[in-house]
Amino acid sequence: MQTIWHNLKESLINTFHNLGLAWWVEIVTQNPSCTYYFGPFLSSADAKVALKGYVEDLEVEGAQGIVVNVKRCKPGTLTISEDLGERFDRKVKPAFSGQI
């Protein structure tokens, strides 16, 4: 039964993402000057549960000035580094994996 729910949830997330209705965690850091996107999620509640781990990982890596937003969007690039003046090629995966 759990596998059926997982497959249904994965399909719904992919559909929501394709329509631009999926929820994402957007994290902007001042140092380094980067924007990160984590997701997609089916609900804002799911995204809010996951965001603590993402923030903790960035803090361990030494990121400072962290601002977090949970929003519906459809990012094309998952990591944008202003310090390096480039966009990293971390594209959105078509299938839901829980975390990206």
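What does the accessible surface of the protein chain come to, and what share of it belongs to carbon and sulfur atoms? I looked this up at the start and found about 6100 Å², with 53% belonging to carbon and sulfur atoms; the areas come from the Shrake-Rupley method with a 1.4 Å probe, and for residues only the protein chains shown count as cover.

I noted that this is a predicted model, in which local features need pLDDT of at least 70 and side-chain atom pairs count only at pLDDT 80 or more, while totals for chains, interfaces and linings use all residues. Residues are numbered from 1 along each chain as its sequence is written, and side-chain values use heavy atoms, with hydrogens and water left out.

Next I read the fold: the chain has two helices and five strands, in the order α-β-β-α-β-β-β, taken as DSSP runs numbered from the N terminus (helices H or I, at least four residues; strands E, at least two).

Of the 100 residues, 34% count as buried, that is, under 20% relative accessible area with a 1.4 Å probe, protein chains only.

I then turned to the largest nonpolar core (buried Ala, Val, Leu, Ile, Met, Phe, Trp, Tyr and Cys residues joined through side-chain atoms within 4.5 Å), which has 13 residues, with V25, I27, F38, F41 and Y54 making the most contacts inside it. At least two of its residues come from each of β1 (23-29), β2 (34-41) and α2 (44-60), and α2 gives the largest share, five residues.

For V25, leaving aside neighbours within four places in sequence, I listed contacts (heavy atoms within 4.5 Å) with residues including Y36, F38, L51, Y54 and V68.

Terms used. Buried < 20%, exposed > 50% of the residue type's maximum accessible area, 1.4 Å probe, protein only.
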